[in-house]
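Trainee: I would like to go through the terms used for this model and see what stands behind each.

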Amino acid sequence: LRRDPHEAEFIQSIQEVVHSLEPVLVKNTQYVQILERLLEPERCFIFRVPWIDDRGEAHVNRGFRVQFSQALGPCRGGLRFHPSMSLSVAKFLAFEHTLKNSLSLYKLGGAAGGSDFDPKGKSDNEIMRFCQSFMDELYRYLGPDQDFPAEDIGVGPREMGYLFGQYRRLSGHFQGNFTGPKIFWSGSSFRTEATGYGLVFFARLLLAEMNKELKGLRCVISGSGKIAMHVLEKLLPCGAIPVTVSDSQGYLLDEDGFDYMKYSLLRDIKAQQKNLKEYLKSYPHAKYMDDAKPWSEQCDVAFPCASHNEIDQGDAVAIIKSGCRVLIECSNMPCTVQAVDILRKAKVLVAPAKATAAGGVALGELELNPKFNLMQLSVEDFENKIQAKPAADCCHWAYLFPFIYFFSPNFDVF
Ligand code: NDP
């Protein structure tokens, strides 16, 4: 902390973990030294990313990649393109990925990176030129036994395609294990779905411990990106009632809940990069709240799927008042430290992102395991594997983390 006092996000993520582990560290002082090693990234790269827009004007953005730990295996972690991206955010995400990936039986290290480039409003050609320039520098640090990138905010199938194309051209080989949605890049055709679906499977497992099911529960979702939309999609067959999605401008509320038709419309709206308000043209009974978050809407389960620190103290109070009993962290570090304290005191069960992302982590493992040929898996086979993975491998974590948060064996929050 003394070394990087200005890295607010990274410090927050460290403090959250160290605070959670305090009881363990007090009893087992030998772990303190291990923590010291764990908290310093192995290496960080910062690089210039020059690119030319469609008018021929030159721009310069900053690129980051933090290879936090290769202690367990090659690094894996997301790339984020967002104006708020900084070294601090890259370090916090890479630290989170290190802990998440440690759940994988395949043994993966953790990394993260990205750029302060804003893909919003850019043409396909501008995105392509930016991605190619970004990869011109990054490719030398990537490789199958070294580090392989995945999606995060602002990086989806289009960006991964451009990035992988340039990586392949520069490295002269096809192996990079880019965890993108195209089967030939990663071995898996379900990468984009895996994390979102896995989050719902995790919620289902957690509720089953309380003899509850998602069926009939009102769910509030934030975000409307890759994670949020796949969470929404998978909640539907579980019989849950998702009532909100959001974006950086506000949130959409449909009191009747989204069904498959409405979900399909939302997907079209997002695919065409239109505003969520478009939904009101087809369903005028719905509401769009400008400059607001969905946390005061009545719900049983909350799924924050937008960004870090999207739930602050005031939001935590709103969540408690809304009747919410379970919060499944989907985005990385969605709650501020104060928000977690408030939720914990009110006995809202917070399932930490480090454990809930087991589905995505499990797929990462399956992708790398030659025993599994995911190209031949049906959707049902894939879902069975993802469901079995958290259940078989990760349940001890799934249970451990809520205990760490609450120091209480009481799961009965309903
Ligand atoms: P996307 O870029 O696909 O979507 C992000 C969504 O969140 C958009 O709807 C965006 O709205 C909204 N959003 C972003 N920042 C803010 C903000 N500050 N306030 C309100 N809304 C915001 O990202 P993903 O769905 O891939 O990722 C979402 C979260 O899930 C991130 O925290 C990411 O780290 C985490 N995650 C992602 C994984 C992945 O494999 N994709 C894996 C594990 C975790 P708008 O469109 O208006 O910007």
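Trainee: What makes a residue count as part of the ligand's surroundings, and how many surround the ligand?

Mentor: A residue is near the ligand if its C-beta atom, placed from the backbone, lies within 6 Å of it. By that rule 26 residues surround the ligand, and the closest are G225, I227, D247, S248 and S331. This is a predicted model: local features need pLDDT of at least 70 and side-chain atom pairs pLDDT 80 or more, while totals for chains, interfaces and linings use all residues. Residues are numbered from 1 along each chain as its sequence is written.

Trainee: Which element supplies the largest share of the shell?

Mentor: Helix 8, with 3 residues. Helix 8 spans 226-235, and strand 5 and strand 7 (241-247) also supply at least two residues each. Helices (H or I, at least four residues) and strands (E, at least two) are DSSP runs, numbered from the N terminus.

Trainee: What makes strand 1 and strand 5 edge strands?

Mentor: Two strands pair if DSSP finds at least two bridges between them. The open sheet of 5 strands has the order 1-2-4-3-5, with mixed pairing. Strand 1 (43-52) and strand 5 (147-151) each pair on one side only, hence the name.

Trainee: How do you know that strand 3 and strand 5 pair, and in which sense?

Mentor: DSSP must find at least two bridges; strand 3 (residues 75-81) and strand 5 have 5, in the parallel sense, so they pair. One of the residues involved is G77, whose bridge partner in strand 5 is P149.
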